[in-house]
Amino acid sequence: MTPDRLFESLWNDYIERLCPSAGNVHKLLQRNEPLINDHIALRTFSLSPVALDVLAKPFIELGYQEAGDYLFESKKLLAKHYEHPDVTQPKVFISQLKVEECSEQLQQIVQKLVEQVNPNEMQGEAFLYAGRPWQLSHNDYLLLAEESEYAAWLAAHGYGANHFTVSVNQLELFDDVQQVNDHLSSVGFVINQAGGEVKGSPEVLLEQSSTMADKVQVEFDDGVVLLPGGFYEFAKRYPMPNGELYRGFVAASADKIFESTNS
């Protein structure tokens, strides 16, 4: 396995299961050169055998290194991002819900889900794009959604990239994130408005925006429901004093990007 092959598998799952509209975004933004993927994001629970370090392991085995920690107190999330020594490889942003800080009801539902996971199936890298490894009722989904949209999304979809990210720095048609937003809005895409269309600023060295998630069919024990799936993000990075582009993330902006999967 190489990073390129892993991201290809993640991309195929993303466009087939979570964000079918991503192909249309490519047609609207890509010209002579392939789009550069700035980063992907993955979600999980803070429970064995699915905790954050389990999701990070396949990337670390491919040479990725931990490069940043982030805390989202209101959403009860902890996150880390990982970078490859080859800076042309996408960054990886992995978050986990701190289940132990949630209500007793949420803890019981999530524990019931995680108990269905075979730890042996969390080896290697295939689980990262294999979808949901547990059975789930629509009623339990709704109970989770009352407390945590993040928990409900993860319970419904399981594992896979909830978003890929176009690097605005390399686009031929557009110079900034707002221009990308305006172009996509003009053809019918809905842009995430939480915290403003453009999150961040040149002062914090990173600007981001995203579409709202596609609606996709999710199969529950008791029927099929249309729910928010994956979304597409757009990021422009600015140079640090040493001239290199900033490679980290801004927690205040990422907090609002999470809301791209809100119903």
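**Close-up 1. E83 sits in strand 3, which spans residues 77-83.** All views here come from a predicted model. With a relative accessible area of 17%, E83 falls under the 20% cut-off and is therefore classed as buried. Follow its side chain and you will find a polar contact of 2.7 Å with the side chain of H81.

**Close-up 2. The side chains of E83 and R247 meet in a polar contact of 3.1 Å.** R247 is also one of the residues touching E83 once neighbours within four places in sequence are set aside. The others in that group are G63, Y64, Q65, A67 and K91.

**Close-up 3. The second largest pocket has R247 and K91 among the residues nearest its centre.** Here you can pick up two contact partners of E83 again, K91 and R247. I36, V87 and S167 complete the set nearest the centre, out of 14 lining residues. The volume of this pocket is about 270 Å³. Sorted by class, its lining holds 4 nonpolar, 6 polar and 4 charged residues.

**Close-up 4. The largest pocket has a volume of about 320 Å³.** Its lining counts 17 residues, and nearest the centre are L35, I36, N37, P90 and F164. You may recognise I36, which is also listed nearest the centre of the second largest pocket. By class, the lining of the largest pocket comprises 9 nonpolar, 6 polar and 2 charged residues.

**Close-up 5. Helix 1 (3-18) and strand 5 (163-167) each bring at least two residues to the lining of the largest pocket.** Helix 1 is the top contributor, with 4 residues.

Technical notes: Residues are numbered from 1 along each chain as its sequence is written. This is a predicted model: local features need pLDDT of at least 70, side-chain atom pairs count only at pLDDT 80 or more; totals for chains, interfaces and linings use all residues. Side-chain values use heavy atoms; hydrogens and water are left out. On a 1 Å grid over the protein atoms alone, a cavity is a set of points where a 1.4 Å probe fits but cannot get out, and a pocket is an open set with protein on both sides within 12 Å along at least five of seven lines; lining residues have an atom within 4 Å of a point. Grid points are joined across faces, edges and corners, and a volume is the space filled by probe spheres set on the points. Ala, Val, Leu, Ile, Met, Phe, Trp, Tyr, Cys and Pro count as nonpolar, Asp, Glu, Lys and Arg as charged, and the others, Gly among them, as polar. Buried means under 20% relative accessible area, exposed over 50%, partly exposed in between (1.4 Å probe, protein chains only). A polar contact is a pair of N or O atoms within 3.5 Å; within protein, one must be able to donate a hydrogen and the other to accept it, and residues adjacent in sequence count only if both atoms are side-chain atoms. Contact means heavy atoms within 4.5 Å.
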